[in-house]
Amino acid sequence: MVSKALLRLVSAVNRRRMKLLLGLALLAYVASVWGNFVNMSFLLNRSIQENSELKIESKIEEIVEPLREKIRDLEKSFTQKYPPVKFLSEKDRKRILITGGAGFVGSHLTDKLMMDGHEVTVVDNFFTGRKRNVEHWIGHENFELINHDVVEPLYIEVDQIYHLASPASPPNYMYNPIKTLKTNTIGTLNMLGLAKRVGARLLLASTSEVYGDPEVHPQSEDYWGHVNPIGPRACYDEGKRVAETMCYAYMKQEGVEVRVARIFNTFGPRMHMNDGRVVSNFILQALQGEPLTVYGSGSQTRAFQYVSDLVNGLVALMNSNVSSPVNLGNPEEHTILEFAQLIKNLVGPAGGRFKQSNSLLP
Ligand SMILES: O=c1ccn([C@@H]2O[C@H](COP(=O)(O)OP(=O)(O)O[C@H]3OC[C@@H](O)[C@H](O)[C@H]3O)[C@@H](O)[C@H]2O)c(=O)[nH]1
């Protein structure tokens, strides 16, 4: 009896243990299946994530590469490439102001003085000057560009002043005669005042137009001219004449060193297409196959000098000891009709005709 009861007890215990063991085994199995599942989904997730990350990265790369290319190009263009500049010792290097330095003549003068190794400050109000004429110097340690109108005073420290600021083409200076007068009178006074204060030498860019409608050919510097004080060109002619008077008043009264260049017709690169003077007018008209507009009879004469010759003349005059006015131009005169014929021959049949026009600008 006892042994049977014991046997039942043991088998009952075993059954429970078996159940327990079975339960535990089931749990372990479920746990391991779950673990594998989690592991697998983690790996799967990771590879999906890695895959999409790769895709995003390659997309970014696709977009960024052309930008990198652009940056490389920009870096190349910034590690400039300035025109070659001479080295000058402190003693020989001058601080030079050029008013109207972004204009046709002024920008070529800027090039020469920069390449000679000087420190150049260009002042321009960009009425007829163009930033593009001097942009190749922007950022150079010897160069500075100031947007300023000389009708307002200017306070800087310089050794020499080339005073070129003024519209020089008849349509430009007649567009606003009062402004032309202010630039040549108040502007010149301001620059002479600056020259006096800092002890700088000033060169005035005067003009052949101080001779007006001359009765003498060719005009030497001691000819006093033949100017109509109320004519259509008077704002420029008389403006430059009084600018010369101011220079010599400052020289006599204040001891300012002055140079006066009477500039004759000049041509060359950077002349504005719509400058309005005869060289650019005729070339443009001929290239466009339009008739050349010869004002008046065309028998009036002019001489044309190349801009680099003028610039060499300006620098030579500034550094000379000649304080009286000096004509700068090509001595060989031609009639406007001859000049029109020359352009016509060079451009060919397209620019073949002349249009005689009665203009206020003989
Ligand atoms: O289309 C044109 C333009 C001009 N001309 C004539 O060509 C001659 C030259 O005229 P421009 O306008 O080129 O220049 P100008 O000689 O009259 O004045 C110039 O000369 C010297 C500079 O110092 C002055 O700044 C500038 O005014 C003038 O007789 C003018 O009447 C034409 O026949 N056709």
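**Exercise 1. Determine how the contacts of the protein chain are distributed along the sequence, and describe the overall make-up of the chain.**

Solution. Begin with contacts between residues at least 6 apart in sequence: of these, 77% join residues at least 24 apart. The structure considered here is a predicted model. Next, take the secondary structure, which comes to eight helices and 13 strands. Finally, turn to burial: of the 362 residues in the protein chain, 38% are buried.

**Exercise 2. State which residues the UniProt domain annotation covers, and characterise that stretch.**

Solution. First, consult the record: the unreviewed UniProt entry carries the annotation "domain: NAD-dependent epimerase/dehydratase" for residues 96–327. Then examine the model over residues 96–327: the chain there is 36% helix and 19% strand. The C-alpha atoms at the two ends of this stretch are 23 Å apart.

**Exercise 3. Establish the strand order of the seven-stranded open sheet, and explain why β3 and β11 each have one side without a neighbour.**

Solution. Step one is the order, which reads β3-β2-β1-β4-β5-β6-β11, with parallel pairing. Step two concerns the edges: β3 (143–147) and β11 (326–328) each have a single partner strand, so one side of each lacks a neighbour in the sheet. Step three is the twist: neighbouring strands are turned against each other by 20 degrees on average, direction ignored.

**Exercise 4. Trace the pairing from β2 through β1 and β4 to β5, naming residues that stand opposite each other.**

Solution. Start with β1 (residues 95–99) and β2 (residues 119–124), which are joined in the parallel sense by five bridges. Here Ile98 faces Val122 of β2. Move next to β1 and β4, a parallel pair with four bridges. Ile98 has Tyr162 as its bridge partner in β4. Continue to β4 and β5, which also pair in the parallel sense, over four bridges. In this pair, Ile161 stands opposite Leu202 of β5.

**Exercise 5. Decide whether the residues on the two faces of β4 are buried or exposed, and identify the strands across which α2 and α5 lie.**

Solution. Consider β4 by its faces. Gln160 and Tyr162 lie on one side, Ile161 and His163 on the other, and all of them are buried. Both faces of β4 are therefore covered, buried being under 20% relative accessible area. Now turn to the helices. Helix α2 (residues 104–115) lies across β1, β2, β3 and β4 (160–163), and runs at about 170 degrees to β1. Helix α5 (residues 234–254) lies across β5 (201–207) and β6 (258–263), at about 155 degrees to β5.

**Exercise 6. Describe the packing of α6 against α8 and classify the residues in their contact.**

Solution. First, the geometry: α6 (residues 278–287) and α8 (residues 336–347) pack at about 35 degrees, and their axes are 10 Å apart. The crossing of α6 and α8 is right-handed. Second, the participants: α6 contributes Val278, Val279, Phe282, Ile283, Ala286 and Leu287, while α8 contributes Ile336, Phe339, Ala340, Ile343 and Val347. Third, the classification: the contact of α6 with α8 has 11 nonpolar residues, no polar and no charged.

**Exercise 7. Locate Val198 and list its contacts beyond its neighbours within four places in sequence.**

Solution. Val198 belongs to helix α4 (residues 177–198). Setting aside neighbours within four places in sequence, Val198 is in contact with Ile156, Glu157 and Val158. As a further step, consider Asn133, 65 residues from Val198 along the chain: the C-alpha atoms of the two residues are separated by 28 Å.

Technical notes. Residues are numbered from 1 along each chain as its sequence is written. This is a predicted model: local features need pLDDT of at least 70, side-chain atom pairs count only at pLDDT 80 or more; totals for chains, interfaces and linings use all residues. Side-chain values use heavy atoms; hydrogens and water are left out. Two strands pair if DSSP finds at least two bridges between them. Axes are lines fitted to C-alpha atoms, for helices over the stretch in contact, and angles run from 0 to 180 degrees between N-to-C directions. Contact means heavy atoms within 4.5 Å. A crossing is left-handed if the near helix is turned anticlockwise from the far one by less than a right angle, and right-handed if clockwise. Ala, Val, Leu, Ile, Met, Phe, Trp, Tyr, Cys and Pro count as nonpolar, Asp, Glu, Lys and Arg as charged, and the others, Gly among them, as polar. UniProt positions are given in the numbering used here, feature names are shortened, and annotations may be inferred rather than shown by experiment. Buried means under 20% relative accessible area, exposed over 50%, partly exposed in between (1.4 Å probe, protein chains only).
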